[in-house]
Protein chains: 2
Amino acid sequence: MTESPQPAAPFVPGPGESVVVYLEPDAGPAGVGVKLRVDDPRRPAILVTDQGLTRGDGVFETMTAVAAEGAGPGSGSPLRVRKEDSHLARLATSAQALEIPLPPAADWQRAAAAGLEAFAAGNPGVDAVVKLVASRGPEGAPGGGHHVRAEAGVERLTGTYWVLVSPVSPGLVAARERGLKVLLLDRGVDSGVAERAPWLLMGTKSLSYAVNMAALRYAASQGADDVIFTSSDGQVLEGPTSTVLMARRIPQQDGSTGIELVTPLRSSGILPGTSQGTIFAAAQAAGWQLGYGPLEPSDLVDADGVWLVSSVRLVAPVTHLDGEEIPQDAELTELLNNFLAEDREPGEHGP
Amino acid sequence: MTESPQPAAPFVPGPGESVVVYLEPDAGPAGVGVKLRVDDPRRPAILVTDQGLTRGDGVFETMTAVAAEGAGPGSGSPLRVRKEDSHLARLATSAQALEIPLPPAADWQRAAAAGLEAFAAGNPGVDAVVKLVASRGPEGAPGGGHHVRAEAGVERLTGTYWVLVSPVSPGLVAARERGLKVLLLDRGVDSGVAERAPWLLMGTKSLSYAVNMAALRYAASQGADDVIFTSSDGQVLEGPTSTVLMARRIPQQDGSTGIELVTPLRSSGILPGTSQGTIFAAAQAAGWQLGYGPLEPSDLVDADGVWLVSSVRLVAPVTHLDGEEIPQDAELTELLNNFLAEDREPGEHGP
């Protein structure tokens with residue numbers, strides 16, 4: 001008779017199911033490494049004392065993985081993570097702001113690859129959402145967490161770390177194709193707060209998203225699909241889970257038409273968008289002009305198109321602001337989605 | 001051979017250990033009830049898809065339980081929860097703001113009593129911290145959560161609910177006796193934001209506490225013990241985990257000295273303090289004058305005493321504001337602690 005709750009065979013999710021890979025600190029003879037454990041996310045794994053849960057004290061990233069070109073059975077995972085470097089860089093920046101020790105990027109990549117391999121085995125041909133989470137770990141309870149003795153030169157990995165791989169929700173695609181009715185909602189802070197008050201964690205992707213979720217519920221109660229936050233001094237900031245883009249067609253002296261693509265000012269405390277970064281890199285290569293705000297709501301109304309961009313829903317056009325229809329441009333929407341699909345390194349335009 | 005990971009005997013924590021009681025929705029013949037499950041909090045119980053964890057999307061309360069008068073072996077739990085009604089009322093208010101369905105107060109009371117009984121069995125004579133948590137529960141994953149079919153008149157209890165009972169940390173008592181060096185930190189929002197922007201969840205006790213924790217880390221990095229948040233328009237708000245009180249001694253016409261006790265304006269978006277409520281009720285009975293702000297930092301400097309009050313650390317005097325020593329009054333500190341110990345119903349003064 002064994003008491004071990006672990007199955008001997010590696011977990012493979014069924015169609016439509018998810019898989020989780022835990023990154024567990026492991027002190028071996030060569031120092032502290034990270035051991036991967038692939039498991040069923042329907043198996044409880046987190047302690048009620050985990051500070052990610054009790055304090056929203058952690059950071060995350062949400063990436064997508066799509067069919068890799070030339071991949072086939074036997075060639076390893078047939079899925080390729082998009083913008084992985086940008087997401088890992090932003091995860092590290094967020095973790096640094098919260099002072100949460102993080103396993104090296106290579107371990108996150110290994111974990112994502114292991115999760116994608118298991119996911120693809122049960123879901124051939126299905127695109128995936130890949131979520132990376134690092135929490136501060138359990139409160140002091142002895143034996144409660146992943147406490148690893150500090151070694152010379154090795155940071156203590158005292159947090160809880162995992163990668164969740166799930167199928168892309170079909171609802172997001174429908175929302176993107178339908179376009180978004182958006183409410184402008186006051187975020188309560190002024191646009192200078194990020195620079196003077198670092199303890200407010202503006203521009204970091206923490207697990208404390210209750211306000212973002214409440215804003216989306218408020219929008220839904222008003223018949224809207226999404227939200228653009230504004231600062232108390234009237235600047236356009238960001239969506240609760242997306243970055244704002246707007247474009248203007250500008251007549252040139254030679255009679256042609258140029259395009260200017262603008263995103264809000266980053267120093268106003270918004271999260272640097274990984275999708276915005278890669279789109280800007282492609283737009284620059286295509287000869288578009290790039291702008292970085294500041295933007296006011298009237299700029300959005302006067303634009304030729306406004307979009308909310310994010311890693312899973314991609315480029316979704318805004319059709320209404322506060323109940324009023326705004327200009328839309330299907331050609332620009334297609335161009336932006338194509339830019340995003342180029343998967344360029346964002347360089348100076350990214351996080 | 002059984003695969004059940006549950007022990008047959010009820011869990012009793014050892015000395016210094018904690019116990020958790022889960023409130024699990026249970027559809028029986030009489031409708032949906034709540035079944036209690038007592039367990040070891042070192043056993044993982046939460047899914048990685050729980051929105052309390054992935055979005056800080058949940059609410060909580062922290063109460064204390066102290067020796068009940070006249071209690072002894074065989075008389076049930078020897079511990080009595082302080083201000084239980086105030087905490088349960090505030091939990092309900094927070095859950096309503098976040099639109100999270102909540103089990104009835106009586107079930108929380110049963111769960112707390114069950115946890116305290118188990119805790120006291122392993123920790124005789126030890127005061128306890130009793131934490132109540134309600135999260136929104138797992139994201140859509142089928143089979144992943146406590147999904148209960150809606151019945152006529154019964155709200156769907158789709159969240160995750162538990163009570164954690166732990167020993168009081170000795171560090172808190174030491175901090176209270178030593179007094180607190182406090183930094184004033186900008187909360188980034190103005191004092192009118194709560195009324196105009198309900199989606200910001202000001203004044204609700206959500207699990208999204210990453211900023212509160214970051215502010216405390218920032219204070220520690222500056223050699224301070226705690227924080228008082230101020231609004232962007234210069235009003236005193238609250239501590240990250242406490243309520244601000246200040247007192248002034250006021251000469252009366254008959255030659256005696258009266259005392260005025262003041263707490264910041266509640267409409268400025270602060271959490272209504274359960275300790276503040278019960279202290280105010282006792283202070284009123286003792287003939288003190290009561291005030292409800294607005295307060296500015298200069299009011300704190302000019303006061304005869306400033307305190308941060310909370311349910312576990314109780315009444316802790318502030319000794320320094322931004323590095324400058326401020327007046328302290330040991331007699332007032334003792335009076336306020338005695339007021340709190342009276343455990344009065346806060347009535348109009350509480351949450």
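Which residue is the bridge partner of T243(A) in β12(A)? In this predicted model, that partner is V309(A). The pair belongs to the antiparallel pairing of strand β9 (residues 243-251) with strand β12 (residues 305-310) of chain A. The points below cover the six-stranded sheets of chain A and chain B, the interface between the chains, and selected local backbone features.

**The six-stranded sheet of chain A**

- Chain A contains an open sheet of six strands, ordered β2-β1-β6-β5-β3-β4, and the pairing is antiparallel.
- Its edge strands are β2 (31-39) and β4 (79-81) of chain A, each of which pairs on one side only.
- From one strand to the next, the twist averages 25°.
- At one end of this order, strand β3 (residues 58-67) of chain A runs antiparallel to β4(A), and three bridges join the two.
- Within this part of the sheet, V66(A) stands opposite R80(A), a residue of β4(A).
- Helix α2 (residues 84-98) of chain A packs on the sheet and touches β3, β4 and β5 (128-135) of that chain. The direction of α2(A) makes about 175° with that of β3(A).
- Helix α3 (residues 105-122) of chain A also packs on the sheet, where it touches β1 (19-28), β2, β3, β4, β5 and β6 (160-167) of chain A. The direction of α3(A) makes about 35° with that of β6(A).

**The six-stranded sheet of chain B**

- In chain B, six strands form an open sheet with antiparallel pairing in the order β2-β1-β6-β5-β3-β4.
- The strands at its edges, each paired on one side only, are β2 (31-39) and β4 (79-81) of chain B.
- Neighbouring strands of this sheet are turned against each other by 25° on average, with direction ignored.
- Nine bridges connect strand β1 (residues 19-28) of chain B to β2(B) in the antiparallel sense.
- L23(B) stands opposite L36(B), which lies in β2(B).
- Helix α2 (residues 84-98) of chain B lies across β3 (58-67), β4 and β5 (128-135) of chain B and runs at about 175° to β3(B).
- Helix α3 (residues 105-122) of chain B lies across β1, β2, β3, β4, β5 and β6 (160-167) of chain B and runs at about 35° to β6(B).

**The interface between chain A and chain B**

- Contact between the chains involves 54 residues of chain A and 54 residues of chain B.
- The area buried between chain A and chain B is about 4,500 Å², and carbon and sulfur atoms give 64% of this area.
- On the side of chain A, the residues that lose the most area to chain B are V48(A), R55(A) and W199(A), which together account for 18% of what that side buries.
- Three salt bridges are found across the interface of chain A and chain B.
- In a salt bridge between the chains, the side chains of R196(A) and D186(B) meet at 2.7 Å, N to O.
- Between chain A and chain B, 19 residue pairs are in polar contact, with both residues at pLDDT 80 or more.
- At least two residues of the side of chain A that touches chain B come from each of β1, α1 (51-54), α2, β6, β7 (180-186), α5 (193-196) and α6 (210-221) of chain A.
- The largest share of that side, seven residues, is supplied by α6(A).
- By residue class, the side of chain A that touches chain B comprises 32 nonpolar, nine polar and 13 charged residues.

**Strand pairing around β9 of chain A**

- β9(A) and β12(A) pair over five bridges.
- β9(A) also pairs in the antiparallel sense with strand β10 (residues 257-262) of chain A, over six bridges.
- The bridge partner of I250(A) in β10(A) is G258(A).
- The hairpin of β9(A) and β10(A) has five residues between the strands, and in this hairpin G255(A) takes a positive phi near 90°.

**Local backbone features**

- Most residues other than glycine have a negative phi, and most peptide bonds are trans.
- E99(A) is not a glycine, yet has a positive phi of about 60°. This residue lies in the loop between α2 and α3 of chain A.
- In chain A, the peptide bond from G293(A) to P294(A) is cis, with omega near 0°. P294(A) is placed in the loop between β11 (289-291) and α8 (297-302) of chain A.
- In chain B, the peptide bond from G293(B) to P294(B) is cis, with omega near 0°. The place of P294(B) is the loop between β11 (289-291) and α8 (297-302) of chain B.

Technical notes
Residues numbered from 1 in each chain as written. Chains lettered and ligands numbered in written order. Predicted model: local features only at pLDDT ≥ 70, side-chain atom pairs only at ≥ 80, totals over all residues. Heavy atoms only, no water. Pairing = 2+ DSSP bridges. Helix = DSSP H or I, 4+ residues; strand = E, 2+ residues; numbered from the N terminus. Axes fitted to C-alpha atoms, helices over the stretch in contact; angles between N-to-C directions. Contact = heavy atoms within 4.5 Å. Buried area = accessible area lost by both parts, 1.4 Å probe. Salt bridge = Lys/Arg side-chain N within 4 Å of Asp/Glu carboxyl O. Polar contact = N/O pair within 3.5 Å; in protein donor to acceptor, adjacent residues only side chain to side chain. Nonpolar A, V, L, I, M, F, W, Y, C, P; charged D, E, K, R; others polar.
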